[in-house]
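I set out to record the strand arrangement and one helix packing. The entries follow the order in which I looked things up.

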Amino acid sequence: MNRRNPQLNANGELIHLLSTEGLGKDILTQILDTATNFVSVSTRDVKKVPLLRGKSVFNLFFENSTRTRTTFEIAATRLSADVLNLDIARSSTSKGESLLDTIDNLTAMSADIFVMRHSQSGAPYLVAQHVPKHVHVVNAGDGRHAHPTQALLDMYTVRHFKGDVSQLSVAIVGDVLHSRVARSNIHALTTLGCPDVRVVGPRTLVPSDMSSMGVRVCHDLQEGIAGADVVIALRLQNERMSGALLPSSQEYFKSFGLTTERMRWAKPDAIVMHPGPINRGVEIDSEVVDGPQAVILSQVTFGIAVRMAVMAIVASNEG
Ligand code: CP
């Protein structure tokens, strides 16, 4: 393990995926290019390659998920791994077993890769620093901190529909404060050379450190999405809000909700993305979700190939 970056080994190769922060353009591009090779696997009659045959992937979702958990399971299956989904609610976590004791016991069952979602920021780092060298950890979302595979599938989607990220204007709109997706996307976009990243939202939902991340902060939707090639809408994360950060969902929609009319402020061929789950009529109008500019379901589909790429790469590198 590289002491300065626990995601990399001494040769600078990816052994865990914990965050897009601290990964170079070469590694991000390696993952995206590898994913390109895996997209076609999903269109074959036999949707499998033998890269992880004999390996065991453990899905540990301490927080709920539809897209991430399912696409990780599909991705691991398509790589021919054995996949185990630990039912956290019925596990001995409910009897007070610690996270690291749980990990030790699953490692004793010959786990090779842990895919982990946790409400505590940093939990996957703790696990990555605890597991034996041959075991790999992939962060499937930790607290407000990071959701690196979402960012990577977002980069894949942008590249697929709009080409080279270094030529684009990208607006990230909504509840940036609580969004691990926003943080991971900002790191990925700036590392890949995107020259114009904007974060757009009310003052209460945009953290104060955003300008230092190399992005432009806008508190006006029209200014924020003007001329954008890509508009990424974020879910209003009511479950993470403590206190009154907004008057109401209706008021939020009036000022920041994406509608067909407002999308005319962006470029005519702009794409609309959303990580899901969507609050229709809160951060985005149904007409936009189901409209021609939306690529939201393509994001989900590309997530399989991107997660195949991540697992194949980490498993191929020695810790
Ligand atoms: N985008 C995302 O993480 O969705 P899930 O919570 O359904 O996994």
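The entries below cover the sheet and then a pair of helices.

**Entry 1, model.** I note at the outset that I am working from a predicted model.

**Entry 2, sheet.** I looked up the strand order and found an open sheet of four strands, arranged β2-β1-β3-β4. I recorded the pairing as parallel. At the edges I found β2 (82-86) and β4 (136-142), each of which pairs on one side only. I then checked the twist: neighbouring strands of this sheet are turned by 15° against each other on average, with direction ignored.

**Entry 3, β3 and β4.** I examined how strand β3 (residues 113-118) is joined to the edge strand β4 and counted five bridges, with the two strands running parallel. For a point of register, I noted that Met116 stands opposite Asn139 in β4.

**Entry 4, α3 and α4.** How do helix α3 and helix α4 pack? I found an angle of about 45° between α3 (residues 99-107) and α4 (residues 123-130), with their axes 11 Å apart. An angle from 35 to 65 degrees falls outside the parallel and perpendicular classes, and I therefore classed α3 and α4 as oblique to each other. I entered the crossing of α3 past α4 as right-handed.

**Entry 5, the helix contact.** On the α3 side I listed Leu99, Leu100, Ile103 and Asp104. On the α4 side I listed Ala123, Leu126, Val127 and His130. I sorted the residues of this contact by character and obtained six nonpolar, one polar and one charged.

Conventions
Residues are numbered from 1 along each chain as its sequence is written. This is a predicted model: local features need pLDDT of at least 70, side-chain atom pairs count only at pLDDT 80 or more; totals for chains, interfaces and linings use all residues. Side-chain values use heavy atoms; hydrogens and water are left out. Two strands pair if DSSP finds at least two bridges between them. Axes are lines fitted to C-alpha atoms, for helices over the stretch in contact, and angles run from 0 to 180 degrees between N-to-C directions. Angles under 35 degrees count as roughly parallel, over 145 as roughly antiparallel, 65 to 115 as roughly perpendicular and the rest as oblique. A crossing is left-handed if the near helix is turned anticlockwise from the far one by less than a right angle, and right-handed if clockwise. Contact means heavy atoms within 4.5 Å. Ala, Val, Leu, Ile, Met, Phe, Trp, Tyr, Cys and Pro count as nonpolar, Asp, Glu, Lys and Arg as charged, and the others, Gly among them, as polar.
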